[in-house]
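Visitor: I've got a few minutes before my gel finishes. Could you walk me through this one?

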Amino acid sequence: MSMVKDRGEFYVTCPKCGRVIQRAFTTDSYIKCPKCQYEFYTYISDGVAIVMDAAKLEDNRSRSILLTYAKALSSLKEVPGMDLHN
Ligand SMILES: [Zn+2]
């Protein structure tokens, strides 16, 4: 995981070199690291943060699986005893 949560805001860092790219409450975007040129995809929404290599998300099917996964993670927050916020 390459994110730090701070007051509901996430710090997005490059998974490869660690450079801080942006701060966001929510995002769904492809990011190219200005330092090492590494391309990755970041999804942040409703307390869920996912980072993936952009090359692995080239087809729409992969992306829809990822969004389904994100939705499932979000719904876990409603389950008692599944507090994901440490
Ligand atoms: Zn980088």
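Guide: Happy to. Keep in mind that this is a predicted model.

Visitor: Let's begin with the sheet. In what order do the 3 strands of the open sheet come?

Guide: In general, strands of a sheet pair through backbone hydrogen bonds, parallel or antiparallel. Here the sheet is open and its pairing is antiparallel. Reading across the 3 strands, the order is β4-β5-β6.

Visitor: Which strands stand at the edges?

Guide: Look for strands with a single partner, because one side of such a strand is left without a neighbour in the sheet. That description fits residues 27-32 and residues 48-53. The edge strands are therefore β4 and β6.

Visitor: By how many degrees are neighbouring strands of this sheet turned against each other on average?

Guide: This figure is an average over neighbouring strands, and direction is ignored. The turn comes to 15 degrees.

Visitor: Now β4 and β5. Which residue in β5 is the bridge partner of aspartate 28?

Guide: The two strands run antiparallel and are joined by 6 bridges, with β5 covering residues 39-45. One pairing puts lysine 32 with glutamate 39. For aspartate 28, the partner in β5 is tyrosine 43.

Visitor: Is β4 buried or does it lie in the open?

Guide: A residue needs 20 or more other C-beta atoms within 10 Å to be called buried. Of the 6 residues of β4, the number that are buried is 0. So β4 lies largely in the open.

Visitor: Which residue in the turn of the β4 and β5 hairpin has a positive phi?

Guide: Most residues other than glycine have a negative phi. The hairpin has 6 residues between its strands, and the one to look for has a phi of about 70 degrees. That residue isn't a glycine; it's glutamine 37.

Visitor: Is glutamine 37 buried or exposed?

Guide: Glutamine 37 sits in the loop between β4 and β5. It has 10 other C-beta atoms within 10 Å, and the cut-off for exposed is 12 or fewer. So glutamine 37 is exposed.

Visitor: What about the hairpin of β2 and β3: which residue in its turn has a positive phi?

Guide: Strand β2 (residues 9-13) runs antiparallel to β3, with 4 bridges between them, and tyrosine 11 stands opposite arginine 23. The hairpin has 6 residues between its strands, and a phi of about 90 degrees belongs to glycine 18.

Visitor: Last one: at about what angle does helix α1 run to β6?

Guide: Helix α1 spans residues 60-76 and lies across β5 and β6. Its angle to β6 is about 155 degrees.

Terms used: Residues are numbered from 1 along each chain as its sequence is written. This is a predicted model: local features need pLDDT of at least 70, side-chain atom pairs count only at pLDDT 80 or more; totals for chains, interfaces and linings use all residues. Two strands pair if DSSP finds at least two bridges between them. Axes are lines fitted to C-alpha atoms, for helices over the stretch in contact, and angles run from 0 to 180 degrees between N-to-C directions. Two residues are in contact if their C-beta atoms, placed from the backbone, lie within 7 Å.
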